[in-house]
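Hi,

Here is the structure I promised to pass on to you. Have a look at it first, and then read on for what turned up in it.

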Amino acid sequence: MKKTNIWRAASVKWTKAVMASALVLTLLPPALSYAAQEPVAASSPAARDTALTASTVTAFLDEFFELESIRELAPGAAVVVVKDGQVLAQKGYGYADVESERPVDPKKDVFRMASVSKTFTAAAVMQLVEQGKLSLDADIRTYLGGVTFGNPFAEPVTVADLLTHRSGFKIQDARQEDLDPKPNRDMNMKEYVTKYMPDVAREPGTAYMYDNFAFLLLGYIVQQASGVPYEQYMEQNVFAPLDMKSSGFQLKGDLLKRSVTGYAAEETIKPYPVSQSFMPQGGMLSTTEDIAKFMTAFLNEGKTASGTQLLKADTVAAMSEYRSAIHPLLPDSTYGFEAPSQLPGAGSSSKVITKAGDVPGASSLMFLIPEQDTGVFVVYNQNGALREQLYAAFIARFFPQYGAEAKLPAFTAEAPEQLERYAGLYKDLRVESVVSKVGPGSRGRMVISDPLTGERALRQVGPGLFMDANKMLVAFKTEADGSVSYLKEPYLNPMGYEQKGQVPAGFNDIKSTHPYASYILDLQSLGYYPNDPNLSFGPDEAVTRAEYIDMLMRTSAIPLSEKAPQLKDVKGHPYAAAVQTAYEYGLISGNAKGLFEPDRPITRQEAALIIYNSMGGLYPDELLEPIELKGKTDKWAESAVKLLVALGYHGPEVKIDASGAADFQSRKVLTRAENAAINDLLLTSTVSGAAKIDDQAQAEKEPAA
């Protein structure tokens, strides 16, 4: 498709960035499929008494990894199961390197641990707490060596807040450069912390948000309190006592030689170094054999195989206890672990503690059942939902009591007018592009919807607790005054809360009857517009190219570039960072003179093309051919305009005639009201438009009857 010289086709890089920022969103929904193949009645004595032995678990693993649906999820995987101080099974499946057909060796092959690293950082913190060098209740400023941050609340951020992902910090995830940093440009931990230290956005200790930066701070605090570099501390005080000889943070020497090859959908990911600043939260390298040593010691009240006390028994107990929950069936985190994925009707068992991890080319999961003295660790060389399926299948086979449907106490259902307090928009605290819409449904039920999972009905099953048709739970947090502040749901990002948007105050030039009022007020509720009724919105004003890019970057929640602008006329512009980010991700380019014209009004078809580019080719042009357009659209923008029409990303200005042809008014200038409609729908619309395109594609594949 031919395009004008001022725009360029989307690069895969943008798609990767969006998926990386929301990686957790892609992993959880498929987790139910394997468990559904093998239902186990929790009331069956035979099911309850299923013995976990070396032979039974080996047979289970072989059966699980033999499934074609599982083999498709990763080229290679390694898994280990421990119980009562013994390794029951340790096996490799598939290839550590596909090209050479090198099979996975679970004892020798080195995998990236990703965020499982956090559990080891937490163990180091708790060792220093035992020694009196750290206090869980202390203000972290005590240990930061002069590094400052803003906190408008009276409550300090404590070490315990960092360990439980309840710091209240504004999200500050790792940058792309932290994975495979440039030689001689890497910052040490203090430099990184000083440069990127976020401010507190919510009262510390009140909300759960999975926080990578918190564990970077914990690694830095370990360094500060111990007086030795983080990596050295881990080697001497964690790895050495456990005899973990195949673990470390530097990808070199023997660890490099034994590293597996990572894979993504369309590429091979060769072993890559990570930034020093990435180590505490996700930089660890190890083998299943070494992780088994940690699990065995942890389950043995902190005592290693050699008799060394890695952690005291009461410390292990403290690390196994959940510290917060919107509802008891949906616990959040412990000191170093998090809740398992939900199982239908059961929620997340508080008897199980887990730690999952993801980096490009590797996903992992460690889950422990302390009262059963059992631990499982799986790691594989492609991101995906294998781990959730293994967890569900393992629990169903050996410990179905932890997946049994919860016995919910009787309660008085709320009247429809009472349910209205839950209605509104909820934005994920970590992945801000994730938005759920909650509203009233039929027969006194609630409805929740989002662009990824669509719309589903919720039936109230307890105070602030609801269940969908899949028997998955959604819980709402109610404050002392009766207001609703957060929700926790199972599909998009269960490792964190979504915050309810504020009541929109409106604008003095937007009446409730304005055709674009709902879109504008949605974005105001979510914080994208100031919530001041004395301000004017200017619905008919033209949107400039730079303004359009800025709003798209904000609603996409992509970190802005720190590089100097490549487009000559963008340097010094208020939206320079946003435009440069769009340029780097291949959404835009300059003309032959290297100019972007940031202050020129953007046309509707140009705006459509940027959205089309951001889709990264998810919808090939041939799937869009059936969409009929009327009016004038330039040839280079036809597929982009058709996509927005098909997905419904437009306001009431787009008219569809009796034949089904749409007039997108492609060559007109985009107004502020129309831009509000596009961005609101990107955040909140369901998948119905995409489903129509997919249905059309499927119909074309199927032979005629």
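Let me start with a helix pair: α4 and α15 are oblique to each other, because their packing angle of about 140° falls outside the ranges for roughly parallel, roughly perpendicular and roughly antiparallel, the last of which begins over 145 degrees. Please keep in mind that this is a predicted model.

Helix α4 covers residues 54-66 and helix α15 covers residues 386-398, and their axes lie 11 Å apart. The crossing of the two is right-handed. On the α4 side, the residues in contact are Thr56, Val57, Phe60, Leu61, Glu63, Phe64 and Phe65. They meet Leu386, Gln389, Leu390, Ala393, Phe394, Arg397 and Phe398 of α15. Sorted by class, this contact has 10 nonpolar, 2 polar and 2 charged residues.

Next, the cores. The largest nonpolar core holds 78 residues, and the members that touch the most others are Phe120, Ile140 and Leu163. Helix α9 (residues 212-226) supplies the largest share of this core, with 10 residues. If you would like a place to zoom in, try Ile140: leaving aside residues up to four places away in sequence, Ile140 touches Phe149, Val157, Thr158, Val159, Leu162, Phe169, Leu217 and Ile221. There is also a second, separate core of 60 residues, including Ala582, Leu609, Met615 and Trp636. As general background, nonpolar side chains in soluble globular proteins tend to be buried together.

Helix α17 (residues 517-525) is worth a look too. This helix is mostly covered, with 7 of its 9 residues buried. The buried ones are Ala517, Tyr519, Ile520, Asp522, Leu523, Gln524 and Ser525. What do they pack against? Their partners are two strands, β11 (424-428) and β12 (435-440), together with helix α23 (672-684). After α17 comes Gly527, which has a positive phi, near 95°.

Finally, a residue in a loop. Ala480 sits between β16 (473-478) and β17 (484-488). Is Ala480 buried or exposed? Its relative accessibility is 90%, and the cut-off for exposed is over 50%, so Ala480 counts as exposed. For a sense of distance, the C-alpha atom of Ala480 is separated by 48 Å from that of Ile588, which is 108 residues away along the chain.

Happy browsing, and do write back with any questions.

Best wishes

Notes: Residues are numbered from 1 along each chain as its sequence is written. This is a predicted model: local features need pLDDT of at least 70, side-chain atom pairs count only at pLDDT 80 or more; totals for chains, interfaces and linings use all residues. Side-chain values use heavy atoms; hydrogens and water are left out. Axes are lines fitted to C-alpha atoms, for helices over the stretch in contact, and angles run from 0 to 180 degrees between N-to-C directions. Helices (H or I, at least four residues) and strands (E, at least two) are DSSP runs, numbered from the N terminus. Angles under 35 degrees count as roughly parallel, over 145 as roughly antiparallel, 65 to 115 as roughly perpendicular and the rest as oblique. A crossing is left-handed if the near helix is turned anticlockwise from the far one by less than a right angle, and right-handed if clockwise. Contact means heavy atoms within 4.5 Å. Ala, Val, Leu, Ile, Met, Phe, Trp, Tyr, Cys and Pro count as nonpolar, Asp, Glu, Lys and Arg as charged, and the others, Gly among them, as polar. A nonpolar core is a set of buried Ala, Val, Leu, Ile, Met, Phe, Trp, Tyr and Cys residues joined through side-chain atoms within 4.5 Å. Buried means under 20% relative accessible area, exposed over 50%, partly exposed in between (1.4 Å probe, protein chains only).
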